[in-house]
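Please look over the sequence and the three-dimensional structure below before reading on. The paragraphs that follow lead through the structure step by step.

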Amino acid sequence: MRRKVTVIGAGNVGATTAQRIVEKELADVVLVDVVDGVPQGKGLDMYQSGAVEGFDMKIVGSNAYEETEGSDLCIMTAGLARKPGMSRDDLLKKNEEIVADCIAKVTRYSRDLTIVVVTNPLDAMCEVARRVSKLPKNKVVGMAGILDSARMRAFIAMEMNVSMANIHATVLGGHGDTMVPLPRYTTVAGVPITELLTPERVAAIVKRTAGGGAEIVNFLKTGSAYYAPSAAAVEMADAIFNDKKKILPCAAYLEGEYGINGLYVGVPVVLGKDGVEKIIELKLTPEEAAALKKSADSVAELCGLLTC
Ligand code: TXD
(Lines give C-alpha, C1' and ligand atoms only; values in the text may rest on other atoms or scores of the structure.)
Protein backbone atom coordinates (compact mmCIF):
# COMPACT_ATOMS: atom_id res chain seq x y z
CA MET A 1 0.00 0.00 0.00
CA ARG A 2 1.27 3.48 -0.80
CA ARG A 3 1.78 5.77 2.13
CA LYS A 4 1.12 9.47 2.13
CA VAL A 5 2.93 12.32 3.87
CA THR A 6 1.83 15.92 4.08
CA VAL A 7 4.79 18.25 4.48
CA ILE A 8 3.56 21.66 5.63
CA GLY A 9 5.95 24.45 4.68
CA ALA A 10 7.77 24.36 1.35
CA GLY A 11 10.74 26.35 2.63
CA ASN A 12 14.23 25.05 3.25
CA VAL A 13 13.41 22.30 5.76
CA GLY A 14 10.07 21.33 4.19
CA ALA A 15 11.29 21.11 0.60
CA THR A 16 14.44 19.19 1.58
CA THR A 17 12.34 16.82 3.72
CA ALA A 18 9.96 16.21 0.80
CA GLN A 19 12.88 15.53 -1.52
CA ARG A 20 14.45 13.02 0.87
CA ILE A 21 11.11 11.21 1.33
CA VAL A 22 10.47 10.69 -2.37
CA GLU A 23 14.11 9.83 -3.11
CA LYS A 24 13.99 7.14 -0.42
CA GLU A 25 10.60 6.01 -1.79
CA LEU A 26 9.12 6.24 1.69
CA ALA A 27 5.80 7.79 0.65
CA ASP A 28 3.90 10.01 -1.76
CA VAL A 29 4.11 13.63 -0.68
CA VAL A 30 1.78 16.62 -0.66
CA LEU A 31 3.76 19.80 -0.07
CA VAL A 32 1.69 22.68 1.33
CA ASP A 33 2.67 26.33 1.69
CA VAL A 34 0.85 29.66 1.89
CA VAL A 35 2.90 31.24 -0.88
CA ASP A 36 1.11 30.80 -4.18
CA GLY A 37 3.14 28.83 -6.71
CA VAL A 38 6.06 27.82 -4.51
CA PRO A 39 4.80 24.38 -3.37
CA GLN A 40 3.37 23.73 -6.84
CA GLY A 41 6.66 24.64 -8.55
CA LYS A 42 8.90 22.78 -6.11
CA GLY A 43 6.59 19.74 -6.14
CA LEU A 44 6.57 19.53 -9.94
CA ASP A 45 10.32 20.03 -10.11
CA MET A 46 10.90 17.22 -7.58
CA TYR A 47 8.43 14.92 -9.37
CA GLN A 48 10.36 15.42 -12.60
CA SER A 49 13.62 14.55 -10.84
CA GLY A 50 12.17 11.05 -10.38
CA ALA A 51 12.74 10.35 -14.08
CA VAL A 52 16.47 10.76 -13.51
CA GLU A 53 16.74 9.55 -9.93
CA GLY A 54 14.55 6.53 -10.64
CA PHE A 55 11.79 6.92 -8.07
CA ASP A 56 8.07 6.61 -8.75
CA MET A 57 6.59 8.43 -5.80
CA LYS A 58 3.97 11.09 -6.47
CA ILE A 59 4.63 14.58 -5.21
CA VAL A 60 2.34 17.56 -5.64
CA GLY A 61 2.32 21.05 -4.18
CA SER A 62 -0.72 22.98 -3.02
CA ASN A 63 -1.87 26.04 -1.10
CA ALA A 64 -4.93 24.18 0.18
CA TYR A 65 -5.51 21.02 2.20
CA GLU A 66 -8.03 19.02 0.11
CA GLU A 67 -5.17 17.17 -1.59
CA THR A 68 -3.77 16.11 1.80
CA GLU A 69 -6.78 13.90 2.54
CA GLY A 70 -5.88 10.45 3.87
CA SER A 71 -2.34 11.32 4.95
CA ASP A 72 -0.63 8.89 7.32
CA LEU A 73 1.94 11.39 8.52
CA CYS A 74 2.26 15.17 8.67
CA ILE A 75 5.64 16.82 8.97
CA MET A 76 5.04 20.34 10.24
CA THR A 77 7.79 22.74 9.14
CA ALA A 78 5.85 25.93 8.36
CA GLY A 79 6.81 29.01 10.29
CA LEU A 80 9.36 31.68 10.49
CA ALA A 81 13.03 30.69 10.70
CA ARG A 82 15.45 32.37 13.07
CA LYS A 83 17.43 35.33 11.86
CA PRO A 84 20.86 36.16 13.35
CA GLY A 85 20.51 37.42 16.92
CA MET A 86 16.94 36.14 17.19
CA SER A 87 16.32 33.43 19.79
CA ARG A 88 14.07 30.47 19.11
CA ASP A 89 11.79 31.90 21.76
CA ASP A 90 11.22 35.16 19.85
CA LEU A 91 9.43 33.03 17.33
CA LEU A 92 6.83 31.81 19.79
CA LYS A 93 3.82 34.03 19.10
CA LYS A 94 3.98 34.08 15.32
CA ASN A 95 4.69 30.40 14.98
CA GLU A 96 1.94 29.46 17.44
CA GLU A 97 -0.58 31.09 15.10
CA ILE A 98 0.87 29.34 12.06
CA VAL A 99 1.08 25.88 13.68
CA ALA A 100 -2.43 26.12 15.16
CA ASP A 101 -3.89 27.13 11.80
CA CYS A 102 -2.07 24.47 9.76
CA ILE A 103 -2.70 21.62 12.21
CA ALA A 104 -6.42 22.48 12.42
CA LYS A 105 -6.62 22.30 8.62
CA VAL A 106 -4.58 19.15 8.07
CA THR A 107 -6.46 17.18 10.75
CA ARG A 108 -9.76 18.15 9.12
CA TYR A 109 -8.77 15.94 6.15
CA SER A 110 -6.78 13.20 7.90
CA ARG A 111 -7.82 11.89 11.29
CA ASP A 112 -5.59 8.83 11.55
CA LEU A 113 -2.43 10.83 11.49
CA THR A 114 0.94 11.00 13.20
CA ILE A 115 2.45 14.48 13.41
CA VAL A 116 6.17 15.20 13.48
CA VAL A 117 6.68 18.82 14.51
CA VAL A 118 9.80 20.68 13.33
CA THR A 119 8.75 24.33 13.71
CA ASN A 120 10.50 26.31 16.49
CA PRO A 121 10.33 26.88 19.36
CA LEU A 122 10.07 23.15 19.03
CA ASP A 123 8.81 21.87 22.36
CA ALA A 124 6.12 24.55 22.68
CA MET A 125 5.01 24.01 19.07
CA CYS A 126 4.58 20.28 19.81
CA GLU A 127 2.20 21.27 22.58
CA VAL A 128 0.27 23.53 20.19
CA ALA A 129 -0.02 20.64 17.70
CA ARG A 130 -1.16 18.24 20.46
CA ARG A 131 -3.81 20.65 21.77
CA VAL A 132 -5.16 21.65 18.36
CA SER A 133 -5.11 18.16 16.79
CA LYS A 134 -6.55 16.49 19.91
CA LEU A 135 -4.56 13.41 18.89
CA PRO A 136 -3.24 11.06 21.58
CA LYS A 137 0.12 12.13 22.99
CA ASN A 138 2.04 9.31 21.29
CA LYS A 139 0.90 10.57 17.87
CA VAL A 140 2.43 14.04 18.20
CA VAL A 141 6.21 14.05 18.46
CA GLY A 142 8.91 16.64 17.90
CA MET A 143 12.14 16.53 15.93
CA ALA A 144 15.15 18.07 17.68
CA GLY A 145 17.15 15.49 19.61
CA ILE A 146 18.20 13.57 16.50
CA LEU A 147 19.54 16.81 15.06
CA ASP A 148 21.27 17.88 18.27
CA SER A 149 22.86 14.47 18.71
CA ALA A 150 23.85 14.35 15.03
CA ARG A 151 25.71 17.61 15.60
CA MET A 152 27.41 16.19 18.66
CA ARG A 153 28.35 13.04 16.70
CA ALA A 154 29.78 15.18 13.91
CA PHE A 155 31.89 17.25 16.32
CA ILE A 156 33.24 14.08 17.98
CA ALA A 157 34.04 12.57 14.57
CA MET A 158 35.96 15.75 13.64
CA GLU A 159 37.83 15.66 16.94
CA MET A 160 38.76 11.96 16.86
CA ASN A 161 38.91 11.33 13.13
CA VAL A 162 36.65 8.29 13.30
CA SER A 163 33.44 7.33 11.51
CA MET A 164 30.23 8.96 12.68
CA ALA A 165 28.67 5.50 12.38
CA ASN A 166 30.67 4.43 15.45
CA ILE A 167 29.49 7.37 17.51
CA HIS A 168 26.33 7.42 19.59
CA ALA A 169 25.39 10.70 21.27
CA THR A 170 22.69 11.43 23.82
CA VAL A 171 21.13 14.87 24.16
CA LEU A 172 18.15 15.47 26.43
CA GLY A 173 15.98 18.48 27.22
CA GLY A 174 14.26 21.23 25.31
CA HIS A 175 15.56 22.25 21.88
CA GLY A 176 17.16 25.49 22.95
CA ASP A 177 20.09 26.98 24.73
CA THR A 178 19.30 24.81 27.78
CA MET A 179 19.57 21.47 25.98
CA VAL A 180 21.44 18.81 27.94
CA PRO A 181 24.13 16.88 26.02
CA LEU A 182 25.12 13.85 28.13
CA PRO A 183 28.80 12.89 27.70
CA ARG A 184 28.42 9.87 30.02
CA TYR A 185 25.92 8.39 27.59
CA THR A 186 27.87 9.44 24.50
CA THR A 187 30.08 6.69 23.16
CA VAL A 188 32.59 5.86 20.46
CA ALA A 189 32.36 2.14 19.64
CA GLY A 190 30.70 1.65 23.03
CA VAL A 191 33.28 3.57 25.09
CA PRO A 192 32.03 6.77 26.80
CA ILE A 193 33.76 9.91 25.50
CA THR A 194 34.54 10.81 29.11
CA GLU A 195 37.13 8.00 28.94
CA LEU A 196 38.51 9.04 25.56
CA LEU A 197 38.78 12.83 25.69
CA THR A 198 39.97 15.33 28.28
CA PRO A 199 37.28 17.10 30.34
CA GLU A 200 38.19 20.34 28.49
CA ARG A 201 37.60 18.76 25.05
CA VAL A 202 34.34 17.18 26.26
CA ALA A 203 33.20 20.57 27.59
CA ALA A 204 34.09 22.23 24.28
CA ILE A 205 32.08 19.64 22.31
CA VAL A 206 29.11 20.03 24.66
CA LYS A 207 29.22 23.81 24.23
CA ARG A 208 29.50 23.63 20.45
CA THR A 209 26.58 21.17 20.34
CA ALA A 210 24.34 23.48 22.37
CA GLY A 211 25.25 26.36 20.04
CA GLY A 212 25.12 24.19 16.89
CA GLY A 213 22.03 25.84 15.43
CA ALA A 214 23.30 29.38 16.03
CA GLU A 215 26.66 28.50 14.43
CA ILE A 216 24.88 27.73 11.17
CA VAL A 217 22.54 30.73 11.41
CA ASN A 218 25.62 32.94 11.77
CA PHE A 219 27.11 31.49 8.59
CA LEU A 220 23.92 31.58 6.51
CA LYS A 221 22.74 34.97 7.81
CA THR A 222 19.37 34.71 6.07
CA GLY A 223 18.07 31.43 7.48
CA SER A 224 18.79 28.40 9.61
CA ALA A 225 20.02 24.85 9.04
CA TYR A 226 18.04 22.47 6.88
CA TYR A 227 20.12 19.59 5.52
CA ALA A 228 20.66 17.90 8.89
CA PRO A 229 17.19 18.90 10.19
CA SER A 230 15.46 17.34 7.17
CA ALA A 231 17.58 14.18 7.45
CA ALA A 232 16.51 13.91 11.09
CA ALA A 233 12.81 14.38 10.30
CA VAL A 234 13.02 11.70 7.62
CA GLU A 235 14.71 9.25 10.00
CA MET A 236 11.62 9.66 12.20
CA ALA A 237 9.27 9.10 9.24
CA ASP A 238 11.19 5.95 8.32
CA ALA A 239 11.07 4.62 11.91
CA ILE A 240 7.30 5.22 12.05
CA PHE A 241 6.42 3.86 8.59
CA ASN A 242 8.63 0.81 8.86
CA ASP A 243 7.75 0.21 12.53
CA LYS A 244 11.45 0.09 13.31
CA LYS A 245 11.14 0.56 17.10
CA LYS A 246 14.23 2.74 16.83
CA ILE A 247 15.44 4.38 20.02
CA LEU A 248 15.77 8.02 19.09
CA PRO A 249 15.91 11.25 21.07
CA CYS A 250 12.65 13.07 20.32
CA ALA A 251 10.45 15.68 21.96
CA ALA A 252 7.79 13.58 23.71
CA TYR A 253 4.90 14.51 26.00
CA LEU A 254 5.95 13.55 29.50
CA GLU A 255 3.52 12.60 32.23
CA GLY A 256 5.72 11.96 35.22
CA GLU A 257 8.76 10.52 33.44
CA TYR A 258 11.97 12.21 34.58
CA GLY A 259 9.80 13.95 37.20
CA ILE A 260 8.32 16.17 34.47
CA ASN A 261 4.58 16.47 33.98
CA GLY A 262 2.47 17.79 31.09
CA LEU A 263 5.32 19.05 28.93
CA TYR A 264 7.15 18.17 25.72
CA VAL A 265 10.83 17.62 26.43
CA GLY A 266 13.53 15.79 24.49
CA VAL A 267 14.07 12.25 25.79
CA PRO A 268 14.97 8.89 24.24
CA VAL A 269 11.87 7.15 22.92
CA VAL A 270 11.03 3.99 21.01
CA LEU A 271 9.63 5.18 17.69
CA GLY A 272 7.44 2.78 15.70
CA LYS A 273 4.11 2.53 13.90
CA ASP A 274 2.21 3.97 16.88
CA GLY A 275 4.53 6.95 17.11
CA VAL A 276 6.11 7.29 20.56
CA GLU A 277 5.65 3.71 21.78
CA LYS A 278 7.78 4.02 24.89
CA ILE A 279 9.73 6.63 26.80
CA ILE A 280 13.10 5.46 28.04
CA GLU A 281 14.20 6.78 31.42
CA LEU A 282 17.96 7.05 31.80
CA LYS A 283 19.52 7.20 35.23
CA LEU A 284 20.82 10.73 35.74
CA THR A 285 23.35 12.17 38.18
CA PRO A 286 22.02 15.01 40.38
CA GLU A 287 23.80 17.54 38.10
CA GLU A 288 22.31 16.05 34.93
CA ALA A 289 18.84 15.91 36.54
CA ALA A 290 19.17 19.57 37.59
CA ALA A 291 20.16 20.59 34.04
CA LEU A 292 17.17 18.70 32.64
CA LYS A 293 14.85 20.36 35.15
CA LYS A 294 16.19 23.78 34.17
CA SER A 295 15.58 22.96 30.50
CA ALA A 296 12.05 21.71 31.26
CA ASP A 297 11.38 24.90 33.25
CA SER A 298 12.24 27.00 30.21
CA VAL A 299 9.84 24.92 28.08
CA ALA A 300 7.15 25.37 30.77
CA GLU A 301 7.72 29.12 30.74
CA LEU A 302 7.12 29.26 26.97
CA CYS A 303 4.08 26.99 27.19
CA GLY A 304 2.69 29.35 29.79
CA LEU A 305 2.58 32.03 27.07
CA LEU A 306 0.56 29.93 24.64
CA THR A 307 -2.94 31.13 23.94
CA CYS A 308 -4.42 28.04 22.23
O1 TXD B 1 15.50 21.11 15.18
C2 TXD B 1 14.53 21.68 14.76
N3 TXD B 1 13.32 21.36 15.22
C4 TXD B 1 14.64 22.72 13.73
C5 TXD B 1 13.59 23.69 13.60
C6 TXD B 1 15.70 22.73 12.79
C7 TXD B 1 15.69 23.60 11.73
C8 TXD B 1 14.63 24.56 11.50
N9 TXD B 1 13.72 24.67 12.58
C10 TXD B 1 12.52 25.48 12.41
O11 TXD B 1 11.74 24.97 11.32
C12 TXD B 1 12.75 26.93 12.04
O13 TXD B 1 13.10 27.70 13.15
C14 TXD B 1 11.39 27.29 11.49
O15 TXD B 1 10.50 27.54 12.55
C16 TXD B 1 10.95 26.02 10.75
C17 TXD B 1 11.14 26.07 9.23
O18 TXD B 1 12.47 26.36 8.92
P19 TXD B 1 12.89 26.65 7.37
O20 TXD B 1 14.35 26.84 7.37
O21 TXD B 1 12.26 25.65 6.48
O22 TXD B 1 12.17 28.05 7.14
P23 TXD B 1 11.74 28.71 5.72
O24 TXD B 1 12.68 28.29 4.65
O25 TXD B 1 11.52 30.14 6.01
O26 TXD B 1 10.35 28.00 5.40
C27 TXD B 1 9.19 28.22 6.14
C28 TXD B 1 8.04 28.08 5.16
C29 TXD B 1 7.98 29.19 4.12
O30 TXD B 1 7.98 28.63 2.83
C31 TXD B 1 6.68 29.91 4.43
O32 TXD B 1 6.03 30.42 3.26
C33 TXD B 1 5.89 28.78 5.05
O34 TXD B 1 6.81 28.12 5.90
N35 TXD B 1 4.73 29.23 5.83
C36 TXD B 1 3.55 28.58 5.77
N37 TXD B 1 3.18 27.48 5.11
C38 TXD B 1 1.90 27.07 5.28
N39 TXD B 1 1.01 27.71 6.07
C40 TXD B 1 1.37 28.82 6.76
N41 TXD B 1 0.48 29.44 7.55
C42 TXD B 1 2.69 29.30 6.63
N43 TXD B 1 3.36 30.36 7.15
C44 TXD B 1 4.61 30.30 6.66
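**A guided reading of the predicted model**

Arg2 is partly exposed, with a relative accessible area of 43%. The structure in which Arg2 is found is a predicted model, and every value in this text is to be read with that in mind. The side chain of Arg2 forms a salt bridge with the side chain of Asp28, with 2.8 Å between N and O. Because Arg2 lies in the segment before strand 1 (4–8) and Asp28 lies in strand 2, this pair ties together parts that are 26 residues apart in sequence. The partner, Asp28, is buried, and its relative accessible area is 12%. Why is Asp28 called buried, and Arg2 partly exposed? A residue counts as buried under 20% relative accessible area and as exposed over 50%, with partly exposed in between; the 12% of Asp28 therefore falls under the lower limit, whereas the 43% of Arg2 falls between the two limits.

How many salt bridges does the structure hold? There are 15 salt bridges in the structure. Another of them joins the side chains of Arg131 and Glu127, at 2.8 Å from N to O. Both residues belong to helix 4 (residues 122–133), where four residues, about one turn of the helix, separate them. Arg131 is partly exposed at a relative accessible area of 32%, while Glu127 counts as buried at 4% relative accessibility. These two residues are also part of a network of salt bridges that links Glu127, Arg130 and Arg131. A further salt bridge is formed by the side chains of Asp243 and Lys245, with an N to O distance of 3.0 Å. Asp243 is partly exposed, with a relative accessible area of 27%, and Lys245 is partly exposed as well, with 39%.

Glu127 and Arg131 lead on to another part of the chain. Leaving aside neighbours within four places in sequence, Leu306 is in contact with both of them, and also with Leu92, Glu96, Ala124, Met125 and Val128. Leu306 itself is located in the segment after helix 9 (286–303). Is Leu306 buried or exposed? Leu306 is buried, having a relative accessible area of 10%. The distance along the chain and the distance in space can be set side by side here: Leu306 and Ile98 are 208 residues apart in sequence, and their C-alpha atoms are 13 Å apart in space. A second pair can be described in the same manner. Gln48 and Lys58 are 10 residues apart along the chain, and 9.9 Å separates their C-alpha atoms. Gln48 belongs to helix 2 and is partly exposed, at a relative accessible area of 46%.

Two threonine residues provide further examples of buried positions. Thr114 is part of strand 5 (residues 114–117) and counts as buried at 2% relative accessibility. When its neighbours within four places in sequence are left aside, Thr114 has contacts with Asp72, Leu73, Cys74, Lys139 and Ile240. Thr170, in turn, is situated in the loop between strand 7 (167–168) and strand 8 (171–172). Thr170 also counts as buried, at 8% relative accessibility. Not counting residues up to four places away in sequence, Thr170 touches Met152, Val180, Pro181, Leu182, Tyr185, Thr186 and Leu282.

The surface offers a contrasting case in Val34. This residue is placed in the loop between strand 2 (28–32) and helix 2 (38–53). Val34 is exposed, with a relative accessible area of 77%. Together with Val35 and Val38, Val34 forms a nonpolar patch on the surface, and the accessible area of the three residues together is about 260 Å².

Val34 also takes part in the surroundings of the ligand: a polar backbone atom of Val34 is 3.5 Å from a nitrogen atom of the ligand. Which residues come nearest to the ligand? Of the 28 residues around the ligand, the nearest are Asn12, Val13, Asp33, Leu80 and Met143. In the case of Asp33, a polar side-chain atom lies 2.6 Å from an oxygen atom of the ligand. The side chain of Asn120 likewise has an N or O atom 3.1 Å from an oxygen atom of the ligand. On its own, the ligand has 870 Å² of accessible area, and the protein covers 87% of this area.

Methods
Residues are numbered from 1 along each chain as its sequence is written. This is a predicted model: local features need pLDDT of at least 70, side-chain atom pairs count only at pLDDT 80 or more; totals for chains, interfaces and linings use all residues. Side-chain values use heavy atoms; hydrogens and water are left out. Patches are made of residues with over 30% relative accessible area and no salt bridge: like charges are joined within 9 Å, nonpolar side chains (Val, Leu, Ile, Met, Phe, Trp, Tyr) within 5 Å. Accessible areas come from the Shrake-Rupley method with a 1.4 Å probe; for residues, only the protein chains shown count as cover. A salt bridge is a side-chain nitrogen of Lys or Arg within 4 Å of a carboxyl oxygen of Asp or Glu. Helices (H or I, at least four residues) and strands (E, at least two) are DSSP runs, numbered from the N terminus. Buried means under 20% relative accessible area, exposed over 50%, partly exposed in between (1.4 Å probe, protein chains only). A residue is near a molecule or strand if one of its heavy atoms lies within 4 Å of it. A polar contact is a pair of N or O atoms within 3.5 Å; within protein, one must be able to donate a hydrogen and the other to accept it, and residues adjacent in sequence count only if both atoms are side-chain atoms. Contact means heavy atoms within 4.5 Å.
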